[in-house]
Amino acid sequence: MSGETAPAADRPSVDTSVAHSARVHDYWLGGKDNFAADRAVGDAVIEAYPGIVMSVRANRAFLARVVRFLAAEAGIRQFLDIGTGIPASNNTHEVAQRTAPECRVVYVDYDPVVLAHARALLTTSPEGATDYIDADLRDPSQILREAARTLDFSRPVAVMLIAIMHLIVDADDPYRIVGQLMTAVPAGSYLALSQVASDIQAEQMAEAARRYNRLAHETQRHRSHAEVARFFDGLDLVEPGLVPVQEWRPGLETGPGTRSAMWGGVARKR
Ligand SMILES: C[S@@+](CC[C@H](N)C(=O)[O-])C[C@H]1O[C@@H](n2cnc3c(N)ncnc32)[C@H](O)[C@@H]1O
């Protein structure tokens with residue numbers, strides 16, 4: 001799918017009658033690519049956990065700081081960003097190529113609205129490359145096969161799973177999925193991951209999940225610090241470890257009052 005959005009006839013249709021995570025997330029971020037069903041779920045969650053808007057924004061800022069760290073300090077030049085979301089500010093390739101124009105970025109999402117916006121994600125610097133794969137994280141083999149069109153898996157890759165693992169329920173074996181992705185990349189690669197917490201603002205988050213799961217297409221599974229830490233098993237977490245996303249190497253944009261209910265961390269493969 002390089003450089004083009006899919007022709008209209010090939011595009012899967014968008015079901016606007018039920019909320020989808022990409023569009024609910026877009027609503028919380030102040031975007032325009034959402035429908036009444038998405039806004040209804042978004043508002044129901046805001047009512048249960050008023051901090052959600054600050055939380056998703058703090059997560060988005062985390063994503064940008066992580067990519068900057070990986071490109072500028074860790075020397076990473078290849079990114080596999082799974083669960084991309086509807087393009088917002090500071091998309092992965094924009095941040096990475098600002099530091100190193102030769103960065104190569106592959107985006108993956110399974111939502112037809114994200115696919116429809118793929119063109120915005122495919123504007124690369126001339127020295128680098130971007131690609132978009134319409135695929136489901138629950139099939140990592142397909143992702144790895146198609147990503148090899150753009151990424152060289154004999155060189156380090158940053159696997160980015162930012163705010164997606166809470167949408168992978170236990171029955172889909174989330175630890176196996178992350179393990180398979182990290183097995184496919186060489187030593188010196190990184191895992192960057194954030195996930196909605198079950199043990200920050202626990203009561204509000206439990207109610208938020210109940211509301212979301214009653215109304216939306218996907219089911220959310222919030223996880224504790226220990227459950228999220230397990231995704232990094234066998235990898236070396238870089239400082240400051242697994243922390244609320246706003247505490248991960250905070251930048252000037254992170255105001256002192258910023259809060260989130262998201263755990264985030266970055267780890268290097270030995
Ligand atoms: C909450 S948004 C996060 C977007 C972005 N990573 C960010 O942090 O700003 C989650 C994204 O993951 C995508 N997603 C959820 N489950 C998925 C799956 N099984 N396979 C691929 N994409 C998935 C959704 O379509 C949505 O775009």
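When I say that a residue is near a molecule, I mean that one of its heavy atoms lies within 4 Å of that molecule. Please keep in mind throughout that what we are looking at is a predicted model.

Let me start with the ligand. In this model 21 residues surround the ligand, and the closest are Gly83, Asp109, Asp136, Leu137 and Ile162. If we sort the residues of this shell by character, they divide into nine nonpolar, six polar and six charged.

Which atoms of the protein lie close to nitrogen or oxygen atoms of the ligand? I will take three contacts in turn. For Gly83, a backbone N or O atom lies 2.6 Å from a nitrogen atom of the ligand. For Ile162, again a backbone N or O atom is involved, and the distance to a nitrogen atom of the ligand is 2.8 Å. For Arg60, it is a polar side-chain atom that lies 2.8 Å from an oxygen atom of the ligand. As for how much of the ligand is covered, on its own it has 610 Å² of accessible area, and the protein covers 98% of that.

Now to the pocket. The space taken by the ligand is the largest pocket. Two elements give two or more residues to the shell around the ligand, namely α1, which runs over residues 21-28, and α3, which runs over 52-72. The largest share of that shell, three residues, comes from α1.

The largest pocket itself holds about 650 Å³ of space. Its lining is made by 43 residues, and those nearest its centre are Ser21, Ala163, Ile164, His166 and Leu167. The elements that give two or more residues to this lining are α1, α3, β1 (78-82), β2 (104-109) and α9 (202-215). Which element gives the most to the lining of the largest pocket? That is α3, with six residues. By character, the lining of the largest pocket divides into 23 nonpolar, twelve polar and eight charged residues.

There is also a second largest pocket, with a volume of about 250 Å³. It is lined by 16 residues, of which Leu29, Arg60, Ala61, Ala88 and Ser89 lie nearest its centre, and you will remember Arg60 from its contact with an oxygen atom of the ligand. Here too, α3 gives the most to the lining, with six residues. The residues that line the second largest pocket divide into six nonpolar, four polar and six charged.

Before I finish, I would like to point out two details of the backbone, which you can find on the structure above. One is a cis peptide bond, which joins Glu239 and Pro240 with an omega of about 5°; Pro240 is found in the loop between β6 (236-237) and β7 (243-244). The other is Asn90, where phi is near 55°, a positive value in a residue other than glycine. Asn90 is found in the loop between β1 and α4, the latter running over residues 92-99.

Definitions and conventions
Residues numbered from 1 in each chain as written. Predicted model: local features only at pLDDT ≥ 70, side-chain atom pairs only at ≥ 80, totals over all residues. Heavy atoms only, no water. Polar contact = N/O pair within 3.5 Å; in protein donor to acceptor, adjacent residues only side chain to side chain. Areas by Shrake-Rupley, 256 points an atom, 1.4 Å probe, with all protein chains shown as cover. 1 Å grid on protein atoms, 1.4 Å probe; cavity = no way out; pocket = protein on both sides within 12 Å on 5 of 7 lines; lining within 4 Å. Sits in = over half its atoms within 2 Å of the grid points. Helix = DSSP H or I, 4+ residues; strand = E, 2+ residues; numbered from the N terminus. Nonpolar A, V, L, I, M, F, W, Y, C, P; charged D, E, K, R; others polar. Points joined across faces, edges and corners; volume = space filled by probe spheres on them.
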